[in-house]
Amino acid sequence: MNHGAGGRRRPPTIHDVAREAGVSRGTVSRVLNGGHYVSPTAAEAVNAAIRRTGYVVNRHARSLITGRSDSVGFLLTEPQERFFEDPNFNVLLRGCTQALAAHDVPLLLMLAGTEDERRRITRYITAGHVDGVLLVSSHSGDPIATELREAGVPLVACGKPIGIGSKVSYVAADDRDGARDMVRHLLAQGRRRVGVVTGPLDTPGGVERLAGYREVLAEAGVAYDERIVVSGDYSRASGEAGAERLLAQAPDLDAVFVASDLMAQGVLTALHRAGRRVPEDVAVGGFDDSPAATAASPSLTTIRQPWDRISSEMVRVLLAQIGGEDPAAVILPTELVKREST
C-alpha cells in the first residue's frame with residue numbers, strides 16, 4: 001500500500017485516486033469541486049476510487065485554491081446559559097450538523113451573547129474563516145445580521161429577521177398561524193379568560209405569536225385586555241414570573257397561551273404553587289413541541305415546529321447562497337399537538 005520512509009503508512013493522495021480510477025488528476029479535481037464537465041461514468045469511477053483508497057480531501061490545501069473554508073458557522077446570539085437551558089437550540093444544532101454532514105461540511109458553533117463576543121465573532125466570520133452563517137435567535141437592533149450582510153457573507157436566519165429589510169434569507173415556522181390554532185383550541189374548550197405569556201417582543205416569534213393571539217380574540221368577539229398579556233424571554237424563570245403576574249392581575253384567568261414550552265413549564269410551576277389545577281382550573285398551551293413539552297407535568301398541549309425541516313431547509317438555502325443563488329425565504333406549517341394540559 002502507500003508507505004513512506006521507514007515503512008510508515010502515508011495518507012492516499014489525489015494521484016492515488018486518479019491512478020485507481022484510471023483517469024487524469026484534473027478529472028479527480030473536477031469531481032471534488034462539484035463534478036462540472038465530468039461524465040457520469042468518470043465521476044462514478046472517481047467516487048469508487050475515493051472509497052477504495054480512503055482518500056480524504058485536504059481542506060486547507062483546497063481552501064487556498066478555492067478561497068473557501070469549506071465550513072459553516074452556527075451563530076447563536078444569546079448568552080451561553082440559554083444554549084444549555086433551551087432544548088430548541090440543541091435540536092436545531094443537531095439537525096443542521098446532520099444536514100451539513102451529508103455534504104461533508106463541518107459546522108462551527110459560535111455563541112455571541114455579549115457585545116464584545118459579537119464584535120469578536122463578526123471579525124472572525126468576515127475574515128473568511130467560514131463560508132456562510134446559520135443565524136439563530138436574532139433580536140431586532142442586533143447589528144450582527146446587518147454587518148454580515150453588508151460584508152457579503154452568505155447568511156440564513158432562523159425566523160424572519162426584524163428591521164433589516166428583505167435581503168436576508170430566512171427559514172421560519174408559521175408562528176402566527178400556530179398561535180391562532182392554539183388560541184382557537186383553548187376557546188373551543190370553553191375557556192373565556194385566555195391570558196398570554198409572549199416571547200421577547202424584539203424577536204419575530206414574540207411578535208408573530210402575539211399577533212396570532214390577538215387576531216383570534218378579535219374574530220371570537222373577545223376584547224383584548226392588557227392585564228392578561230405579559231412578556232417573557234423564553235426562559236423557564238420568565239414563564240414562572242409571568243404566570244404570577246397574570247394571577248395577581250386577573251384571578252379569574254382560566255387559560256394561558258405560552259409562547260414556548262420552556263416558559264410553559266415555569267407557568268405550570270406557578271399555577272401549582274397557587275393551588276390552581278391544570279387543566280381543570282386553568283388550561284395551558286405551549287409552543288415548539290420541544291422535549292420540555294413531554295417532560296412537563298401534566299404533559300403540554302403545544303404547537304409543533306417542524307425542527308427537522310427547519311434545519312434541513314436552512315442548510316439547503318445557505319449552501320445554495322454560497323453557490324451564488326439569491327436570498328430566499330421559506331415558511332413552514334406548524335401543527336397543534338393535544339396532550340394533558342388542556
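**Questions about a predicted model**

Ala218 sits in helix α10, which covers residues 204–219. The structure here is a predicted model.

User: Hi! Is Ala218 buried or exposed?

Analyst: Good place to start! A residue counts as exposed when its relative accessible area is over 50%. Ala218 has a relative accessible area of 56%, so Ala218 is exposed.

User: How far apart in space are Ala218 and Pro251?

Analyst: Along the sequence, Ala218 and Pro251 are 33 residues apart. In space we go from C-alpha to C-alpha, and that distance is 22 Å.

User: How many residues of strand β5 are buried?

Analyst: Strand β5 takes in residues 169–173. On one side Ser169, Val171 and Ala173 are buried, and on the other side Tyr170 and Ala172 are buried too. The strand is largely enclosed by the rest of the structure because the buried residues number five of the five.

User: Why do the residues of a strand split between two sides?

Analyst: Here is a handy rule about regular strands. Their side chains take turns, so they alternate between the two faces of the sheet.

User: Which residue of β11 is the bridge partner of Val171?

Analyst: Let's look at the neighbours of β5. Strand β4 (residues 155–158) runs parallel to β5 and is joined to it by three bridges, with Cys158 opposite Val171. Strand β11 (residues 329–332) also pairs with β5 in the parallel sense, over four bridges. In β11, the partner of Val171 is Val330.

User: What span does helix α14 reach from its first C-alpha to its last?

Analyst: Helix α14 runs over residues 307–322, which gives it 16 residues. At 1.5 Å a residue, the expected span is 22 Å. The model comes close to that, with a reach of 22 Å.

User: Which elements do the buried residues of α14 pack against?

Analyst: Many residues could be named here; the buried ones include Trp307, Ile310, Met314 and Leu318. The buried residues of α14 pack against β1 (72–76), α6 (87–101), β3 (132–136), β4, β5 and β11.

User: Which residue with a positive phi follows α14?

Analyst: Just look past the end of the helix, which spans residues 307–322. The phi there is near 110°, and the residue is Gly324.

User: And what share of the residues in the protein is buried?

Analyst: Let's zoom out to the whole protein, which has 14 helices and 12 strands. A residue is called buried when its relative accessible area is under 20%. Of the 342 residues, the buried share is 53%.

Technical notes:
Residues numbered from 1 in each chain as written. Predicted model: local features only at pLDDT ≥ 70, side-chain atom pairs only at ≥ 80, totals over all residues. Heavy atoms only, no water. Helix = DSSP H or I, 4+ residues; strand = E, 2+ residues; numbered from the N terminus. Buried < 20%, exposed > 50% of the residue type's maximum accessible area, 1.4 Å probe, protein only. Pairing = 2+ DSSP bridges. Expected span 1.5 Å × (residues − 1). Contact = heavy atoms within 4.5 Å.
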